[in-house]
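Open your viewer and get ready to click along. We will go from the whole chain to single strands, and then to the empty spaces.

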Amino acid sequence: MNRIVCKNNIFILETENTHYVLGVDSAGYNHHIHWGKKCDPSDYFINDIDDENSNSTKLDEYRQELTPFGQTMYRDCDIKAEFDDKCREINLKYDGYKITGDTLSLTFSDKYYPLEITLHYQIFENCDIIKRFTTIKNTGAKKIDFEKISSAQFSLPSVKPYTFRNTNGAWGGEFIETHDTLEGGYAVYETRKGASNHNNSPYFIAYQNADEKNGDVYFASLAYSGNFKISCSRDSYGITRVIMGFNDFDFSHTLDGGESLDTPPVYCGYTQGFGEMTRQMNVFAVNHLLPKQFNHKILPVLYNSWEATGFSVNAKQQIELAKRAAEIGVELFVMDDGWFGQRKDDHAGLGDWYVNEEKFPNGLDELINEVNRLGMDFGIWVEPEMVNADSDLFRAHPDWTYHYPHREACELRNQLVLNMTRKDVQDYIFNVLDDLLSNHNIKYIKWDMNRPFSETGAENLQNPKMYSYLHTMAVYSIVDRLKEKHPEVAIESCASGGGRCDLGALSHYDQAWTSDNTDGIDRITIQKGYSLLRPVKTMRAWVTDIEGINKPCSLDFRFAVAMQGSLGIGGDLTKYSDDDLEICRRNIALYKTIRDTVQFGDLYRLLDIEEDEVSLNQYVTADKSKSVAFIVANGTRFYKKRMPVCFDGLDKNKRYRITIGDTAYEKSGTYLMNVGIRMHIRGVDYNKIIIMEEI
Ligand code: DGJ
């Protein structure tokens with residue numbers, strides 16, 4: 001059973017397989033004591049030290065949970081404030097702790113100034129994930145400005161260097177992984193673009209000698225979609241620390257008297273191997289993080305019109321697509337960009353969320369009714385945070401975008417960012433979306449966001465440098481309010497593909513659009529990076545007609561890749577031959593029989609496309625009664641590969657029926673995991689789906 005143990009100001013957070021231990025010494029300094037394998041709780045103590053010499057102080061050497069700026073501490077800090085009299089240092093005393101259910105809170109306050117800081121730690125039944133966040137409170141009357149605020153600090157145990165696994169992606173190439181070994185100085189993963197973006201990921205994964213199954217892996221993911229910073233460092237004592245939270249670039253935060261701030265939370269864990277890390281986070285996210293309406297529900301197979309019809313949508317052609325979609329087994333038909341205002345291309349219309357009457361002379365309901373009649377739900381695309389200069393909204397409210405009075409605003413994709421920190425802008429967006437959902441039978445919103453921010457002036461704010469935080473909170477709050485009022489509506493987070501699918505977004509949105517790159521081969525890498533620390537069921541994956549390097553991979557191949565997340569279809573079905581439609585029908589029917597295993601199962605990455613030329617991912621249900629594995633290879637370099645394929649995660653005492661196309665076997669779990677099935681991997685676009693069911 002998970003529990004919190006406290007003795008002599010030493011606190012042990014005990015999870016299924018780990019201990020996280022911290023303490024407070026008699027002088028009120030907080031200490032990080034241990035994170036990793038469980039030890040005898042009575043052995044933990046605070047190893048107090050003196051200054052090494054006048055240039056190397058004990059404050060610099062401490063492993064801590066929270067480091068305020070001040071005194072003789074020169075390393076990276078978690079929090080830096082400026083008080084009313086211009087004092088810029090914080091000097092804390094310890095006020096005490098509280099354990100409420102599964103949460104431990106430790107409170108500190110400044111020895112002179114009215115500032116209170118509380119560290120929170122929450123544990124969860126049946127998993128090794130710990131939630132951390134910090135509350136900062138101005139307990140006085142005068143304002144306090146903060147230059148830096150982090151959510152959590154971590155110290156890693158080994159004095160040897162750790163390698164940090166993150167991403168260095170881009171639009172169309174999201175989640176491309178990097179591995180940086182940090183011997184000294186700093187490594188920073190961040191965004192300054194306003195939203196969490198395609199480049200770095202707001203997490204750290206630090207490891208030594210690790211692979212999928214073995215080796216120490218420490219990880220923490222920040223649940224925040226604004227400007228973030230993950231700052232990793234290794235000092236001259238060999239201590240590796242990570243500080244994660246708001247990016248201090250172009251940032252400050254003001255708390256007026258009596259105000260407080262809860263930082264975005266961080267979800268952290270320690271596992272042996274990367275596979276267990278993914279499985280821990282996946283189970284945790286499904287049970288505790290994803291919004292409650294849909295977290296335990298199977299996501300439907302959707303159709304999305306974007307790649308087929310672009311901006312040129314109209315009632316007749318969408319109905320044609322919908323008929324085809326229904327025939328092949330689609331359950332949710334989503335009309336993408338182009339249905340509103342004067343939207344002919346990306347130059348006009350954003351902000352005008354009323355139906356374009358030329359394209360839909362009989363209104364939206366003609367299409368929606370037909371989609372419903374065909375047995376599907378209807379979903380629609382919006383981009384609420386944005387406006388085109390060529391729109392009624394911008395003409396009526398030119399002051400509603402972020403701007404500086406004497407600077408020209410830079411457009412990206414011909415659009416500007418609405419200042420979502422304004423109450424009137426928030427009300428406008430909530431009301432138009434609420435009207436849309438109230439007046440039409442819409443069950444799904446794809447909420448897009450297609451540009452980074454610039455000229456982030458906000459005259460309405462006392463402190464405009466809070467824009468990224470306030471904008472992010474406004475988005476979350478509108479999504480939450482819409483869901484409260486329309487609980488049957490699922491909402492997808494999209495930002496030019498996978499530009500906003502951090503755990504903050506996924507605490508409010510039900511799923512995410514992974515990437516605009518739907519090429520079967522590229523997707524293998526993109527999906528691997530996505531699902532490393534994000535729940536698999538949130539990963540929307542479409543089968544489209546995208547041309548790869550020379551041509552699309554075969555339709556079956558694209559299905560075998562897209563079925564590894566929540567399946568969608570995005571091709572122009574009106575151009576599909578009868579044979580192609582039959583391939584779609586067959587694959588969608590198959591997906592419906594395995595999707596509970598994919599969307600909720602434990603993922604085992606068994607072969608890697610980059611390392612092994614073959615990708616083999618296996619999903620296993622929690623009770624180990626069902627499993628599905630996907631093998632895909634774009635033709636191997638050496639033309640053919642004959643090899644035994646071993647599986648994982650099965651029950652060694654169970655027997656399974658294995659089906660690969662028309663071939664079936666019966667084998668024990670032990671056999672499948674140790675001897676395996678011999679496969680002959682050859683030819684272009686090789687793909688096989690292997691289904692295992694307990695007999
Ligand atoms: C970017 C998204 O990633 C696409 O799927 C599509 O919705 C376009 N925007 C529409 O403008």
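Here is a tour in stops, each with something to select and a note on what is there. Keep in mind throughout that this is a predicted model.

**Stop 1: the whole chain**

Begin with everything shown as a cartoon. Colour by secondary structure and you can pick out 13 helices and 38 strands. Along the principal axes, the C-alpha atoms fill a box of roughly 80 × 70 × 45 Å. How does the radius of gyration compare with that of a compact globule? For 695 residues such a globule would come out near 26 Å, and the protein has 26 Å, so the two agree. If you colour by accessibility, 61% of the 695 residues count as buried.

**Stop 2: the sheet at the start of the chain**

Now select residues 3-7, which are β1, and residues 30-36, which are β4. These are the edge strands of a sheet, each pairing on one side only. Add the strands between them and you have an open sheet of four, in the order β1-β2-β3-β4, with antiparallel pairing. On average, neighbouring strands here are turned by 15 degrees against each other, direction ignored. As a reminder, strands of a sheet pair through backbone hydrogen bonds, either parallel or antiparallel.

Walk across the sheet one pair at a time:

- **β1 to β2.** These two antiparallel strands are joined by five bridges. Zoom in on C6 and you will find its bridge partner, F11, in β2. The two strands form a hairpin with two residues between them, and N8 in the turn has a positive phi of about 50 degrees.
- **β2 to β3.** Select residues 10-14 for β2 and 19-24 for β3; they pair in the antiparallel sense over five bridges. I10 stands opposite G23, and L13 stands opposite Y20. This hairpin has four residues between its strands.
- **β3 to β4.** Six bridges hold this antiparallel pair, and V21 faces H34 in β4. Five residues lie between the strands of the hairpin, where G28 takes a positive phi near 95 degrees.

**Stop 3: both faces of β3**

Stay on β3 and show its side chains. In a regular strand the side chains alternate between the two faces of the sheet. Here H19, V21 and G23 point one way, while Y20, L22 and V24 point the other. Is β3 enclosed or open to the outside? Six of its six residues are buried, so β3 is largely enclosed by the rest of the structure.

**Stop 4: the largest pocket**

Next, turn on a surface. Rolling a probe the size of a water molecule over the atoms shows where empty space is left. The largest pocket has a volume of about 590 Å³. To centre your view on it, select R165, E212, K528, D608 and E611, which lie nearest the centre among its 33 lining residues. The elements that give two or more residues to this lining are β12 (177-182), α9 (520-531), β31 (602-607), α12 (609-612) and β32 (615-620). Which of the elements gives the largest share? That is α9, with six residues. Colour the lining by class and you get 15 nonpolar, seven polar and 11 charged residues.

**Stop 5: the second largest pocket**

Move on to R279, Q280, V283, D602 and A622, the closest to the centre of the second largest pocket among the 18 residues that line it. About 350 Å³ of space lies in this pocket. Two elements, α2 (274-289) and β31, give two or more residues to its lining. The largest share, seven residues, comes from α2. By class, the lining holds seven nonpolar, seven polar and four charged residues.

**Stop 6: the closed spaces**

Clip into the interior to look for cavities: there are eight of 30 Å³ or more. The largest cavity holds about 150 Å³ of space. Select Y29, Q64, P68, Q71 and L92 to find it; of its 15 lining residues, these are the closest to the centre. Its lining has eight nonpolar and seven polar residues, and no charged ones.

**Stop 7: one last residue**

Finish at D216, in strand β15 (residues 216-222). D216 counts as partly exposed because its relative accessible area is 25%, between the 20% and 50% cut-offs. Then draw a distance from its C-alpha atom to that of Y162, 54 residues away along the chain: your viewer should show 9.8 Å.

Terms used: Residues numbered from 1 in each chain as written. Heavy atoms only, no water. Pairing = 2+ DSSP bridges. Axes fitted to C-alpha atoms, helices over the stretch in contact; angles between N-to-C directions. 1 Å grid on protein atoms, 1.4 Å probe; cavity = no way out; pocket = protein on both sides within 12 Å on 5 of 7 lines; lining within 4 Å. Points joined across faces, edges and corners; volume = space filled by probe spheres on them. Nonpolar A, V, L, I, M, F, W, Y, C, P; charged D, E, K, R; others polar. Rg over C-alpha atoms; globule rule 2.2 N^0.38 Å. Buried < 20%, exposed > 50% of the residue type's maximum accessible area, 1.4 Å probe, protein only.
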